[in-house]
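Could you walk me through the empty and filled spaces in this model? I'd like to start with the ligand and then move on to the pocket and the cavity.

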Amino acid sequence: MSYENILVETQGKVALIRLNRPKALNALNDALMGELGEALLAFEADEQIGCIVITGSEKAFAAGADILGMASLNFIDVHKGEFITRNWETIRRIRKPVIAAVAGFALGGGCELAMMCDFIIAADTAKFGQPEVKLGIVPGAGGTQRLPRAVSKAKAMDMCLTGRMMDAVEAERAGLVSRIVPADKLLEEAMTAAGNIADLSLPVVMMIKDSVNRAYESTLAEGIKYERGQFYSCFALEDQKEGMKAFIEKRPANFKNA
Ligand code: HXC
């Protein structure tokens with residue numbers, strides 16, 4: 001499939017999606033988000049793929065929603081046109097792991113998109129922020145909801161109310177990103193992490209993603225019960241037999257996703 005606003009490729013069991021509107025610092029518009037959703041759904045359905053990486057350019061993961069496209073909209077346009085809900089959150093339907101590899105700016109909708117991924121690997125050049133307040137709007141794709149869950153109320157309030165940016169070190173300290181790597185190693189590190197995940201048992205990986213996400217949607221007691229159900233179901237998998245047999249035989253496991 002060919003796209004105009006993203007570039008896609010596969011390397012072994014890993015799919016790589018690059019946001020590609022370089023002149024606008026990968027500003028996110030409906031066309032780009034539509035293509036991103038299509039590509040994600042295609043890789044979700046592709047049995048060869050076990051993990052997906054989303055990245056941008058050296059200068060920007062994404063500098064937010066396209067301000068030029070939004071400037072003249074009025075309430076009824078965004079409400080009736082289902083701005084955001086129409087295609088911004090397709091990524092939430094993806095059960096395979098999705099890693100954000102972020103260099104440069106991840107602002108507004110760009111930061112929100114990164115937060116919709118399962119984890120963020122940041123280049124040392126990464127800058128995160130929710131600057132919407134400076135444009136006279138509130139964050140609209142999870143900035144006020146996912147950021148406090150990822151960092152803390154104090155940090156999220158600071159970021160959303162001032163619109164300032166935080167660098168990679170601050171973002172890692174706050175828990176927004178899982179690791180920082182040198183900018184020239186970002187893609188290599190993200191692809192290696194994704195490749196390692198893709199070599200594991202896909203049903204187990206999907207259960208782990210589902211279970212960790214459940215921690216944000218439920219009480220601790222409900223989440224623990226949910227996890228236990230997932231744990232018990234692993235013992236119905238051939239991959240559990242293979243994983244434990246391989247350990248005992250001191251050899252790498254050969255998972256069959258079954
Ligand atoms: C449209 C954008 C853009 C954006 C940058 N550009 N961000 N176009 N929408 N969000 C364009 C610029 O207009 C410019 O185009 C080109 O990209 C390069 O940007 P510069 O500003 O010249 O680069 P620089 O001086 O390096 O500054 C980088 C920057 C700045 C700090 C990232 O561009 C900036 O502040 N951008 C806006 C960030 C922002 O407010 N994001 C939140 C958007 S609202 P030309 O043609 O002039 O070269 C949002 C709401 C989400 O995300 C709601 C949920 C969907």
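Start with a nitrogen atom of the ligand: it sits 2.9 Å from a polar backbone atom of Ile67. Keep in mind that this is a predicted model, so every distance here is computed from predicted coordinates. Two oxygen contacts go with that nitrogen one. A backbone N or O atom of Gly109 lies 2.8 Å from an oxygen atom of the ligand, and a polar backbone atom of Lys23 is 3.4 Å from a ligand oxygen. As for how much of the ligand is covered, on its own it exposes 1,000 Å², and the protein buries 64% of that.

Now zoom out to the whole shell. How many residues surround the ligand? There are 25, and the closest are Lys59, Ala63, Ala65, Ile67 and Gly109. Ile67 and Gly109 thus turn up both among the closest residues and in the backbone contacts, Ile67 with a nitrogen and Gly109 with an oxygen. Looking at secondary structure, α2 (67-70), β6 (105-107) and α4 (109-116) each give the shell at least two residues. Helix α2 has the largest share, with 3 residues. Sorted by class, the shell comes out as 16 nonpolar, 4 polar and 5 charged residues.

Next up is the second largest pocket, with a volume of about 550 Å³. Its lining is made of 25 residues, and the ones nearest its centre are Met70, Phe83, Glu132, Ile137 and Val138. The elements giving two or more residues to that lining are α2, α3 (75-80) and α4. You've met two of those names already: α2 and α4 also supply at least two residues each to the ligand shell. By class, the pocket lining has 18 nonpolar, 5 polar and 2 charged residues.

That leaves the enclosed space. Rolling a probe the size of a water molecule over the atoms reveals where empty space remains. How many cavities of 30 Å³ or more does the structure hold? The count is 1, and the largest cavity has a volume of about 30 Å³. Which residues line it? They are Met33, Leu36, Gly37, Leu40, Asn87, Trp88, Thr90, Ile91 and Leu113. Helix α1 (residues 30-45) provides the largest share of this lining, 4 residues. In terms of class, the cavity lining has 6 nonpolar and 3 polar residues, and no charged ones.

Definitions and conventions
Residues numbered from 1 in each chain as written. Predicted model: local features only at pLDDT ≥ 70, side-chain atom pairs only at ≥ 80, totals over all residues. Heavy atoms only, no water. 1 Å grid on protein atoms, 1.4 Å probe; cavity = no way out; pocket = protein on both sides within 12 Å on 5 of 7 lines; lining within 4 Å. Points joined across faces, edges and corners; volume = space filled by probe spheres on them. Nonpolar A, V, L, I, M, F, W, Y, C, P; charged D, E, K, R; others polar. Near = heavy atom within 4 Å. Polar contact = N/O pair within 3.5 Å; in protein donor to acceptor, adjacent residues only side chain to side chain. Areas by Shrake-Rupley, 256 points an atom, 1.4 Å probe, with all protein chains shown as cover.
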